[in-house]
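Hi,

Here is the structure I said I would pass on. Have a look at it first, and then read on for what turned up when I went through it.

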Amino acid sequence: MPTRRLAGAFIAAVFAMQGFGILAGGMVAILVSAAFKANYPAPIYAVDPIGSTVPEADYVWRIILMFGALPALLTYYWRMKMPETARYTALVAKNAKQAAADMSKVLQVELEAEQEKVEQISKEEGNDFGLFSSQFLRRHGRHLLGTTSTWFLLDIAFYSQNLFQKDIFSAIGWIPKAKTMNALDEVYRIARAQTLIALCSTVPGYWFTVALIDRIGRFAIQVMGFFFMTVFMFALAIPYHHWTLTG
């Protein structure tokens with residue numbers, strides 16, 4: 001079982017799997033677009049704007065998206081097979097019998113369910129209220145609102161970067177101008193650039209956190225990460241007009 005000393009590293013390692021997912025997504029996009037590009041050649045956009053996007057290109061994003069659904073389905077299946085923690089089952093779901101059964105499987109010992117003791121502990125800890133109750137709102141509403149709203153705003157900025165990445169890639173010479181490519185070639189080149197970023201920065205960054213989170217501290221490493229994200233986003237956003245016109 002993970003010790004308290006390594007708890008942060010274990011949690012960070014779970015999130016670090018996202019880096020491998022980003023890397024795998026880019027590799028799938030490269031392989032699919034390369035296969036279609038080889039089998040369905042097309043003129044560049046500057047020569048034939050309509051013909052540069054072959055009808056078969058519509059299948060590319062569908063196939064890439066379906067590949068992403070497979071890990072999600074497997075994760076859902078395996079999660080449904082996993083028992084909840086005994087603490088959750090006992091104190092939140094109020095099912096001492098199921099909690100004892102789950103712990104018996106893990107510890108390989110026989111445990112007796114004590115429903116009265118569980119209810120007493122729940123009352124002593126002050127958790128005897130529902131998720132949508134006024135008591136929950138008073139105790140956790142401000143923290144929940146602050147956490148969800150800030151993550152929501154972060155996700156808008158973070159994930160919307162995909163909308164203008166191609167302009168930055170063209171400006172710094174990683175990919176040619178859009179008018180000099182056809183649709184399949186553009187998908188291939190953008191995916192290749194994104195995969196390179198994931199390989200050289202995203203994945204190492206995640207595992208840097210795994211290695212140092214319990215030494216630097218969770219709060220400090222979070223502040224460090226958000227600080228550099230802010231710096232880089234400002235560096236892209238402020239001269240964005242310059243980036244789109246350069247190259």
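**What I found**

Of the contacts in the protein chain with a separation of 6 or more, 62% are between residues 24 or more positions apart. Keep in mind as you read that this is a predicted model.

The overall layout is quick to describe. The protein chain has 10 helices and zero strands, so along the sequence you just read α-α-α-α-α-α-α-α-α-α. Of its 247 residues, 21% count as buried. The chain exposes about 17800 Å², and carbon and sulfur atoms supply 68% of that.

**Cores**

Which residues make up the largest nonpolar core? There are seven of them: V28, V32, F36, V54, A57, V60 and L184. Helix α1 gives the most to this core, with three residues. There is also a second, separate core of six residues, and A9, A16, V210 and I221 are among them.

T209 is a handy place to look if you want to see what goes on around I221. T209 lies in helix α8, and leaving aside residues up to four places away in sequence, T209 touches A12 and I221. From T209 to I221 the step is 12 residues in sequence and 7.4 Å in space, C-alpha to C-alpha. T209 itself counts as partly exposed, because its relative accessibility is 24%, whereas buried would call for under 20%.

**Salt bridges**

The count comes to four salt bridges. The one I would open up first is K37 with D185, where the closest N and O atoms are 3.2 Å apart. This pair links distant parts of the chain: K37 sits in helix α1 (residues 7-39) and D185 in helix α8, with the two positions 148 residues apart.

D185 also meets R189 in a salt bridge, at 3.1 Å from N to O. Why are R189 and D185 separated by about one helical turn? Because they are four residues apart in helix α8. The usual geometry applies here: an α-helix has 3.6 residues a turn, so residues three or four places apart point the same way. Put the two pairs together and you have K37, D185 and R189 linked in a network of salt bridges.

Are the members of that network buried or partly exposed? It depends on the residue. D185 is buried, because its relative accessible area is 12%. K37 counts as partly exposed because its relative accessibility is 27%, and R189 is partly exposed too, with a relative accessible area of 25%.

Elsewhere, the side chains of K166 and D167 meet in a salt bridge, 3.5 Å from N to O. K166 is partly exposed at a relative accessible area of 34%, and D167 counts as partly exposed at 23% relative accessibility.

**A bent helix**

Have a look at helix α6 as well, which covers residues 134-159 and bends by about 65 degrees at H140. Which of its residues are buried? The buried residues of α6 are F136, G141 and L154. Helix α9 is included in what covers them.

**The nonpolar patch**

Helix α9 comes up again on the surface. F208, I216, M224, F227, F228, V231 and F232 make a nonpolar surface patch of about 650 Å². Helices α8 (183-216) and α9 (218-237) each supply at least two residues of the patch, and α9 gives the most, with five residues.

M224 is one of the patch residues and lies in helix α9. Why does M224 count as partly exposed? Because its relative accessibility is 32%, and a residue needs over 50% to count as exposed. That value still lets M224 into the patch, because the cut-off for patch residues is over 30% relative accessible area.

**Where to start**

If you only have a few minutes, I would go to helix α8. D185 in α8 pairs with K37 of helix α1, R189 and D185 are four residues apart in α8, T209 lies in α8, and α8 supplies at least two residues of the nonpolar patch.

Let me know what you make of it.

Cheers

Note on methods
Residues are numbered from 1 along each chain as its sequence is written. This is a predicted model: local features need pLDDT of at least 70, side-chain atom pairs count only at pLDDT 80 or more; totals for chains, interfaces and linings use all residues. Side-chain values use heavy atoms; hydrogens and water are left out. Patches are made of residues with over 30% relative accessible area and no salt bridge: like charges are joined within 9 Å, nonpolar side chains (Val, Leu, Ile, Met, Phe, Trp, Tyr) within 5 Å. Accessible areas come from the Shrake-Rupley method with a 1.4 Å probe; for residues, only the protein chains shown count as cover. Buried means under 20% relative accessible area, exposed over 50%, partly exposed in between (1.4 Å probe, protein chains only). The bend at a residue is the angle between axes fitted to the seven residues ending there and the seven starting there. Contact means heavy atoms within 4.5 Å. A nonpolar core is a set of buried Ala, Val, Leu, Ile, Met, Phe, Trp, Tyr and Cys residues joined through side-chain atoms within 4.5 Å.
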